[in-house]
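Let's take a walk through this one together. Have the sequence and the 3D view open side by side, and follow along.

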Amino acid sequence: MASEIRVFNTMQQAKVPLQPVTPGKVGIYVCGPTVYSFVHIGNARTFTSFDTVVRYLRYRGFEVRYVRNYTDVDDKIIKAAKETGEDAIALAARFVREFEADAKQLRLLPPDVSPKVSETIPEIVGIIEKLIARGAAYQSGADVYFEVRKYEGYLKLSKRNLDDLIAGAGERELVGEQKRDPLDFALWKGAKPGEPSWPSPWGAGRPGWHIECSAMSAKYLGETFDLHGGGLDLIFPHHENEIAQSEAASGKTLCNCWMHGGFLDLEGAKMSKSLGNVVRLRDALERVDAEGLRYFFLSTHYRQQLAFSDKSLADAEARMEYFYETLKKVDERITGKDPSTPLGAGFGDGPLHGDPNRFLVEFDEQVSDDFNFPGGLGVLSGLFAELNLLTDKPPVKDKPMVGRTLVALREVARKLAGALGLFELPPTEWLLHRRDRQVIAKGLDRKKIDEMVAARDAARAAKNYPESDRLRAEAKTMGVELMDSPAGTTWKIAA
Ligand SMILES: [Zn+2]
């Protein structure tokens with residue numbers, strides 16, 4: 001019996017059982033990027049968390065519909081376009097393409113639907129009309145505002161107090177806005193020269209920021225759905241406003257469970273574009289392997305703060321190297337390519353060493369508890385320790401008998417890796433990529449290494465062992481370890 005999945009719901013400030021609206025199916029909406037510049041690794045962490053939530057739910061057999069939007073109409077985009085002299089819609093389209101290239105490199109799953117504001121205008125207008133008809137919104141000049149006093153549940157997610165907020169909000173009111181209450185927020189903004197606009201019953205204009213998510217989630221997931229995700233900074237005002245708009249329009253609960261990811265810190269401050277202390281995802285991916293970065297993200301619980309540093313990235317990649325080295329060794333043993341322990345009689349038919357499926361059970365116990373991926377990685381570590389134990393050299397007497405266990409544990413590793421989005425490359429390929437990155441990072445001369453490998457092969461073929469040993473020693477002074485293999489000399493970066 002698989003463990004019940006429990007999720008921390010920001011609305012209740014408690015873990016609640018995941019009970020999908022339609023049994024066996026999960027609808028999840030994640031607020032996506034505002035596409036006015038390159039995605040930074042703080043956002044990448046949030047998207048990786050929800051990517052792994054989706055992977056785990058699918059691993060558990062749920063049919064998941066994953067929606068993540070693009071905010072391609074927004075004040076920040078218009079501002080950026082004015083600075084570059086580009087058309088705002090064209091600038092947004094360019095950064096959608098850049099985001100997709102980065103997401104692919106990080107191997108994020110493509111969502112089932114990635115709607116854009118610019119393609120959802122009729123639905124947005126439809127909701128605003130409904131809100132006006134229900135008395136929850138009002139037109140003021142060319143703008144339309146949501147009237148927060150008319151919606152009783154306002155601030156139920158963020159647990160803030162309306163009067164406190166209004167007392168603090170007075171000065172923030174923008175010139176030209178005619179609102180009944182300072183906290184009323186724009187659903188529709190009348191067109192200004194040089195800005196993208198669409199026709200509407202209130203004249204040409206464009207949507208406010210929050211209404212898009214209400215329109216898109218209803219369009220693709222229905223008026224009530226299962227999980228809504230985003231970064232912690234979206235709770236107020238964005239998610240609060242989404243709830244107000246959607247629930248005032250439909251009279252139904254927008255979402256049954258609100259999930260929020262923690263911040264990524266850089267040198268003690270939250271990484272954000274507005275603070276200017278950002279590391280772009282693509283810059284990080286030049287320094288660290290994509291799975292190393294994913295491992296780093298998943299090694300801290302998604303709701304906790306995570307501190308980013310070069311050392312933490314290096315540690316994560318070194319850990320990935322250990323996993324891949326182990327998988328390589330196991331695969332060689334299973335396929336009989338490991339010459340020190342040939343696939344011999346009895347390899348595949350010994351008794352199982354323990355129950356390999358215990359790792360699957362332990363993994364579920366961990367991860368079903370509010371997507372505790374660090375706990376899941378801990379189980380993975382236990383599994384890899386076991387794999388190393390079974391493949392240790394020199395082979396001991398009963399080692400030819402471990403084959404069945406190795407094959408079974410390798411399959412368990414494959415399943416857990418799939419649930420976490422790790423080990424997607426063949427081990428040899430990943431290890432070669434890692435070595436190439438290290439050669440560059442350490443400033444080594446690749447050509448020189450290749451020459452030494454060739455010279456050593458020649459020396460060994462000529463049975464010139466003193467020269468072969470000399471080359472090995474010389475390589476070592478460069479930080480390179482030469483190794484013997486049936487296929488000739490191989491090498492790696494010395495530990
Ligand atoms: Zn949103």
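Start with the metal: the donor residues of the zinc ion follow the sequence spacing C-x181-C-x24-H-x3-E. Keep in mind that this is a predicted model. Put names to that pattern and you get Cys31 (SG), Cys213 (SG), His238 (NE2) and Glu242 (OE), which coordinate the zinc ion at 2.0 to 2.4 Å. Two of these donors tie together distant parts of the chain: Cys213 belongs to helix H6 (residues 211-221) and Glu242 to helix H7 (residues 235-250), with the pair 29 residues apart.

What about the geometry of the site of the zinc ion? The angles among the four donor atoms run from 81 to 129°, and the site is irregular. For four donors to count as tetrahedral, all angles would have to lie between 85 and 135 degrees, so the 81° end of the range rules that label out.

Now head back towards the start of the chain. Strand E1 (residues 6-9) and strand E2 (residues 14-17) run antiparallel and are joined by four bridges. Look at Val7 if you want one rung of that ladder: its bridge partner in E2 is Val16. The two strands make a hairpin with four residues between them, and in the turn Gln13 takes a positive phi of about 55°.

Next, a pair of helices. Helix H2 (residues 75-84) packs against helix H3 (residues 88-105) at an angle of about 100°, and their axes are 9 Å apart. That angle makes H2 and H3 roughly perpendicular to each other, because anything from 65 to 115 degrees falls in that class. Which residues in H2 meet H3? On the H2 side they are Ile77, Ile78, Ala80, Ala81 and Thr84, and they meet Ala88, Leu91 and Ala92 in H3. Sorted by class, this contact has seven nonpolar residues, one polar residue and no charged ones.

Finally, the open sheet. Its four strands come in the order E5-E6-E7-E8, with antiparallel pairing. The edges are strand E5 (137-140) and strand E8 (205-207), each of which pairs on one side only. On average, neighbouring strands here are turned by 20° against each other, ignoring direction. Zoom in on E5 and strand E6 (residues 143-146), and you'll find four bridges in the antiparallel sense; one of the partnerships is Ser140 with Asp143 in E6. Helix H4 (residues 121-133) lies across E5, E6, strand E7 (185-190) and E8, and runs at about 120° to E7.

Conventions:
Residues are numbered from 1 along each chain as its sequence is written. This is a predicted model: local features need pLDDT of at least 70, side-chain atom pairs count only at pLDDT 80 or more; totals for chains, interfaces and linings use all residues. Side-chain values use heavy atoms; hydrogens and water are left out. Two strands pair if DSSP finds at least two bridges between them. Axes are lines fitted to C-alpha atoms, for helices over the stretch in contact, and angles run from 0 to 180 degrees between N-to-C directions. Angles under 35 degrees count as roughly parallel, over 145 as roughly antiparallel, 65 to 115 as roughly perpendicular and the rest as oblique. Contact means heavy atoms within 4.5 Å. Ala, Val, Leu, Ile, Met, Phe, Trp, Tyr, Cys and Pro count as nonpolar, Asp, Glu, Lys and Arg as charged, and the others, Gly among them, as polar. Donors are N, O and S atoms within 2.8 Å of the metal (3.2 Å for Na, K and Ca); water is not among the atoms, so sites may look incomplete. Four donors count as tetrahedral if all angles lie between 85 and 135 degrees; four count as square planar and six as octahedral if opposite donors are over 155 degrees apart and all others between 65 and 115; anything else is irregular.
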